[in-house]
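Colleague: Give me a close look at the ligand site. Then work outwards through its surroundings, with the cut-offs as you go.

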Amino acid sequence: MTELRGVGIGLGVAQGPVARMSEPLPPPSDAPSTLSADEEKARVADAVAGVARELETRGAQAGGAAQDVLEAQAMMAEDPSLADEVNARIGQGKTGEFAVFDAFASFRDQLTALGGYLGERAADLDDVAQRVIARLRGVPAPGVPDPGHPFVLVAKDLAPADTALLDLEKVLALVTTDGGPTSHTAILAREKSIVAVVGAVAATGLKDGETVIVDAAAGVVTTEPTSDELDRARNRAADRAAAATAPITDGALADGTPIPLLANLGSPDGAADAVALGAEGVGLFRTEFLFLSSSQAPTVEQQRESYTKLLAAFPGKKVVVRVLDAGADKPLAFLNDAHEENPALGLRGIRALRASEDILREQLTALAEADAATDADLWVMAPMVATVEEARYFTDLARDYGIKTAGVMVEVPSSALLADRILGFSDFASIGTNDLTQYTMAADRLLGSVAAFQDPWHPAVLRLIREVGDAGRINRKPVGICGEAAADPLLAVVLVGLGATSLSMAPTAIADVRATLLQHSLDDAREIAQAALAANDAASARTAAQAAATSHKETQQ
Ligand code: PEP
Ligand code: MG
């Protein structure tokens with residue numbers, strides 16, 4: 001048995017056989033073929049037919065919209081004019097691999113130039129070409145594997161689109177070698193309740209088919225587990241499933257202090273599940289997630305429709321919408337300059353919106369219209385605010401559009417340190433602990449090699465949060481937390497002890513956080529927070545908070 005360490009997302013545990021995500025194939029070389037043209041043509045015809053049949057079979061298994069997409073891909077693969085193009089290249093002495101690569105690429109360019117629906121199919125053609133080339137090489141096709149049974153997916157990292165499309169019936173757990181706890185892979189894994197360990201650098205050594213236990217609570221992947229270990233993991237998974245069915249109550253501490261538990265959402269489609277899991281509203285709606293694949297800025301109408309759908313799902317409840325936060329890890333084609341050397345420190349968040357103020361104004365228009373059409377209590381906030389002036393700029397602009405409650409995210413140390421001034425006029429602050437940790441610790445949240453620094457338990461981060469909590473108390477303004485830290489039950493207690501008045505998280509984390517808050521009073525939470533603040537590093541802060549929390553629970557019993 002060996003343990004591979006990473007950073008766990010959530011508290012789940014799962015077990016199963018590994019299936020590795022294969023890397024994109026390197027492009028084939030243009031060296032002349034050593035086979036005859038007829039042999040090359042026959043190889044390609046076999047590979048194309050094989051890919052087409054595989055896509056059809058997968059389509060039949062998936063059914064619904066996926067079946068239509070996969071059948072369309074199978075037809076593309078067998079398009080006779082594409083075969084003519086491939087064969088013409090083979091006739092000029094090219095290898096089958098190169099001929100497929102080159103002919104598909106030229107078809108893709110033609111489709112892209114046509115634009116519209118056909119243009120959008122261009123990426124599908126790339127996928128088909130990769131599958132044919134993989135067959136010709138006798139290697140697995142790149143992308144999420146389909147071994148035909150449930151599996152533990154092991155990957156370097158996943159694009160948001162890959163994570164969003166994962167088949168949760170099949171993916172038992174996710175292990176990545178890259179990515180920190182606040183990478184968007186981690187966020188989406190948490191949102192979809194996928195048991196995940198990220199930044200497990202040693203997972204590069206895991207082999208297809210070997211059984212592992214993925215323990216997110218401990219941040220450990222166990223290889224060659226014993227049957228006892230497998231049984232224990234199975235029992236723990238069953239216990240958590242039972243806890244998840246405990247009665248839903250509003251978030252509160254043991255002394256009755258209300259701590260609203262809100263949802264982080266990236267699409268209005270997640271609203272019904274969030275409500276079912278006990279979300280008392282929305283603490284962070286990431287609007288940029290709606291437009292990640294748009295090449296042009298969304299229209300006011302498109303936006304109004306999405307926001308109205310969201311707000312209508314929460315009548316009478318607070319819904320905090322963040323204006324577009326495009327940046328390093330989630331660029332928007334219509335807002336970001338792709339050529340920044342260091343995009344995490346570049347024109348992102350409110351800076352990018354200010355540089356394209358029309359887009360910000362249109363978004364505020366759409367939000368105000370959606371607000372007028374629904375009964376939710378809309379709050380709107382700006383991301384990545386770094387100066388008092390930016391906070392004032394956004395708050396004033398939002399009010400000009402009739403937004404009643406306008407606030408800022410505190411994600412940059414400068415705005416945490418000046419929160420007392422910012423909260424002099426902004427209506428609320430919401431602390432984004434993911435970026436606040438990244439910028440405080442100078443550790444890229446996407447980089448597995450520095451994941452150990454990306455720990456919101458670090459006392460330097462906790463001190464900054466305390467500044468914001470104090471500023472909220474002095475100015476009598478709410479201070480929410482919407483970074484991933486709020487989803488860690490013990491850290492949630494610490495955050496409340498530091499002055500947070502509400503917590504927002506992936507809805508799947510709410511049950512665990514609710515249960516832990518109920519074990520501590522506000523005085524306890526403050527003492528537990530003091531214990532964490534007094535530590536020198538993240539690990540000792542966690543241990544000190546754990547010890548303080550346990551001693552409170554013992555005195556209560
Ligand atoms: C954060 O930085 O903590 C946050 C909530 O914003 P995002 O994760 O979307 O950058
Ligand atoms: Mg952020």
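What follows starts at the ligand and then moves through strands, helices and loops.

Modeller: This is a predicted model, in which local features need pLDDT of at least 70 and side-chain atom pairs pLDDT 80 or more, while totals for chains, interfaces and linings use all residues. Residues count from 1 along each chain as its sequence is written, chains are lettered from A and ligands numbered from 1 in the order written, and side-chain values use heavy atoms, without hydrogens or water.

Start with the ligand. Ligand 1 is surrounded by 16 residues (a heavy atom within 4 Å). The closest are R286, R322, E411, N434 and R445. Polar pairs come next (N or O atoms within 3.5 Å; within protein, one able to donate a hydrogen and the other to accept it, with residues adjacent in sequence counted only if both atoms are side-chain atoms). K330 offers a polar side-chain atom 2.9 Å from an oxygen atom of ligand 1. D435 places a backbone N or O atom 3.0 Å from an oxygen atom of the ligand. For G432, a backbone N or O atom lies 3.4 Å from a ligand oxygen atom. Cover is full: on its own, ligand 1 has 290 Å² of accessible area, and the protein covers 100% of that area (Shrake-Rupley, 1.4 Å probe; for residues, only the protein chains shown count as cover).

Two of the closest residues lead into strands. R286 is among the closest to ligand 1, and residue 286 ends strand β10 (residues 281-286). R322 is also in that closest group, and β11 spans residues 318-322. Strands and helices here are DSSP runs numbered from the N terminus (E, at least two residues; H or I, at least four). β10 and β11 pair in parallel over 4 bridges (pairing needs at least two DSSP bridges). Across that pair, V282 stands opposite V319. Helix α13 (residues 357-372) packs on the sheet and touches β11 and β12 (377-382) (heavy atoms within 4.5 Å). The direction of α13 makes about 165° with that of β12 (lines fitted to C-alpha atoms, for helices over the stretch in contact; N-to-C angles from 0 to 180 degrees).

Now the whole barrel. It is closed, has 8 strands with parallel pairing, and runs β9-β10-β11-β12-β13-β14-β15-β16. From one strand to the next, the twist averages 25°.

Back to the ligand, by way of α17. This helix covers 433-441, and N434 is one of the closest residues to ligand 1. A442 follows, in the loop between α17 and α18 (459-475). A442 is exposed at 73% relative accessibility (exposed is over 50%, buried under 20%, partly exposed in between; 1.4 Å probe, protein chains only). Its phi is near 50°, a positive value in a residue other than glycine. E224 also has a positive phi, near 40°. E224 sits in the loop between β8 (220-223) and α9 (227-243) and is exposed, at 57%.

Last, the enclosed parts. Helix α19 (residues 489-497) has 9 of its 9 residues buried, so the rest of the structure largely encloses it. Just after α19, G499 takes a positive phi of about 120°. S521 lies in the loop between α20 (510-517) and α21 (522-533). S521 is buried, at 17%. Leaving aside residues up to four places away in sequence, S521 touches L253, A254 and D255.
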